[in-house]
Amino acid sequence: MFASSSSSSSRCSSIPIMEVEEEEQIHGISELPDELLIRILIFLPVEEIARAKLVSKAWKNLSEFSFVPPLTFEQHRHCNGTISSFLDSIDSSLKLHYHRGLSLSRIRLCLDLDLIGSSRSQIDSWIDATLERKVEQLDLCFLSDSIINYYSLPARVFAAGTITILCLEGFRFEICGNIDLPALRKFCLRHSRCDEQSVPKLISSCQLIQDLEISCCKPWQKIHVSELARTIRDLRLEECRLTICGDTNIDLPALRNLSLRNIRCDEEAIRKLISSCPLIQDLEICSCYGKQGLHVSGLVNLQRLTVVCCYALQIIEIDAPTLQYLNYRHGARRCDLVLTCCEFLRELILYDRFVTEDLLQNLLSGLPNLERLEINDTPLQRIEISHRQLKRLDLTLITVPILVKIDTPNLQSFTYDGHRMPFVSAISSLNTSSLQELGLCFFNYNVCSHFFALQLKEFFGKMRHQTDMKLHLHIRSKLELITPTKLRPILSPPVYNIKHLILTIYECRRHQYIIDRILWMCHPHILSISRGTNARFLKVIYKKFMNKEQHPKCCTACQVKCWRHYLEEVQIDCDESMSKIERTIAMSESSNIVIVMKFEVRFRLKWRPQLL
């Protein structure tokens, strides 16, 4: 009855040339764009890439080194082997590339400077080697808990004519000489110590940059908007000071994506920046200081807008006819949200403690094309949602509303996280004709009762007509859903049409009972135990399936039998090996602390159409 299956994706096999050419005729591989072919091949080892170029005409025509994987070295604080062996592996790899004349267009190096000690001269030699090989993409991440250990980049890096992408993290960023980076198109600087001149100097010297990120550098960097390159398409600033001098004109015609996080500036600077870049498509403003009002208008291409934790805001006015996604998270104080001409909005995420019933109704009535609605942390006493186009609804409630009424005939996905009582009123009005995915999480601890378990069972019964239902059930209660044996004869049989049941068990006193009660309600085709679940629950369910009798003798007096009478076969489907599953179970038995699963286990269940 019990079997296991392993994923076939880990097995590689050689493909004959004739078969590949036949596949190209069938699937049109030769017609795929080069960018997609490169995305496919970049995940293969070098020897597999070489073989692919021999067996496929489309792959053979690609540029010689266009899909060579980046050379990556990442050191972790608890890595296997010695530090010296890790450093030697970098040396040998760079020497191999040099002696064989191999391309070194991309390299990523991640080191813990607190561990390598006096080996910094090696870092200089590695960077020299990459520059000699005409490196194009240089990604360096140097970790250190002490400012004293921060690494200073050699001046010759800032005169490398071939570098197109330069990403630095954990540096002492100081530029003493001239800057000559004519090919630079992307520059990222994160978590570094900088002087006041170096960052503005680089920005003003590289007028062809298309992607710029300055994030969490100390002291806070002053960014002069007038010095930014006209070619910038993506601008991400975090923990910076944004300045616009006087009547200086802002000229950023190519800007498409703008992200401002934890920025200190005045209200006029933000307004002027936004209004001067009419082609922005994605705008994010998070934890920015100095603004009491946010006015978004005149952006003819704006598709996504995120406004998060700007606590000084008192009013937000949005006039964006092309807007499709709005993520608004506030709550520290009352802020008026005014939407005009946003009839094409499809996704609305609303986190606001001060939202009112009238505001919610006005928003829904003015958004006829809304397909996704997420409401979180609202104190509303009545939640009434009526919308014809809504396909996804997520409700997270920390209070207990008097009424939750949902009228959404085209709803495909519904997630509820909160107390059980509002859910009881919600399910009575919920139209499940189109529902395909359901997520439930109840976090009140002392309200699980026989009555509620029966209501939940009846709700599953409403979904009996569905043919492809996916159910997420998160259990955080210390008590369990109780299904008394004496009530079974008067209830309907379990629901069969739930295709995938995903369980996350946070806290539960009696693991041995909970699976019995869930499988009494429904018979899923796939039962998944997700990451983060207590490993003791995996142990319980594993042993229950392993030890199930072929012809169980329980439930002889009940008309509706337990799951043991219906279950015919169980198959384990997991990304991990059976030995790792068994080790995890053994650890949960021998340990006094809670062992949390770090992988997902799927049980494929085959049910009998009728009792034996």
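This is a short talk that walks through one predicted protein chain, from its overall make-up to a single residue and back to its confidence scores.

Hello everyone, and thanks for coming. A word on ground rules. Residues are numbered from 1 along each chain as its sequence is written, and side-chain values use heavy atoms, with hydrogens and water left out. Because the model is predicted, local features need pLDDT of at least 70 and side-chain atom pairs count only at pLDDT 80 or more, while totals for chains, interfaces and linings use all residues; pLDDT is the predictor's confidence in each residue, from 0 to 100.

Let's start with the whole chain. It holds 15 helices and 32 strands; these are DSSP runs numbered from the N terminus, helices being H or I with at least four residues and strands E with at least two. Of the 612 residues, 48% are buried, where buried means under 20% relative accessible area, exposed over 50%, and partly exposed in between, with a 1.4 Å probe and protein chains only. The chain exposes about 29900 Å², and carbon and sulfur atoms supply 50% of that; areas come from the Shrake-Rupley method with a 1.4 Å probe, and for residues only the protein chains shown count as cover.

What about contacts, meaning heavy atoms within 4.5 Å? Taking contacts with a separation of 6 or more, 54% are between residues 24 or more positions apart.

Now to the inside. The largest nonpolar core has 155 residues, and Phe187 and Phe603 have the most contacts inside it. A core here is a set of buried Ala, Val, Leu, Ile, Met, Phe, Trp, Tyr and Cys residues joined through side-chain atoms within 4.5 Å. Setting aside residues up to four places away in sequence, Phe187 touches several others, including Leu166, Phe173, Leu202 and Asp211.

That last name takes us to strand 10, residues 211-215, where Asp211 is found. Five of the five residues in strand 10 are buried. Asp211, Glu213 and Ser215 point one way, and Leu212 and Ile214 the other way.

Which strands pair with strand 10? Strand 8, residues 186-190, does so in the parallel sense over five bridges, and Cys188 has Glu213 as its bridge partner. Strand 12, residues 234-238, also pairs with strand 10 in the parallel sense over five bridges, with Asp211 opposite Asp234. Pairing means that DSSP finds at least two bridges between two strands.

Is Asp211 buried or exposed? Asp211 counts as buried because its relative accessible area is 13%. Its side chain makes a polar contact of 2.8 Å with that of Arg236. By polar contact I mean a pair of N or O atoms within 3.5 Å; within protein, one must be able to donate a hydrogen and the other to accept it, and residues adjacent in sequence count only if both atoms are side-chain atoms.

Parallel pairing also turns up earlier in the chain. Seven bridges join strand 3, residues 106-112, to strand 4, residues 137-143, and Leu111 faces Phe142 there. Strand 4 then pairs with strand 6, residues 165-169, over five bridges, with Leu140 opposite Leu168.

Finally, confidence. The average pLDDT is 79, and 75% of the residues score at least 70. Among the elements, strand 8 has the highest mean, 97, and helix 1, residues 17-27, the lowest, 39. Over residues 6-27 the pLDDT is below 50, and this stretch has 15 contacts in the model beyond near neighbours in sequence. Where pLDDT is low, the predicted coordinates should not be read in detail. Thank you!

Conventions. Contact means heavy atoms within 4.5 Å.
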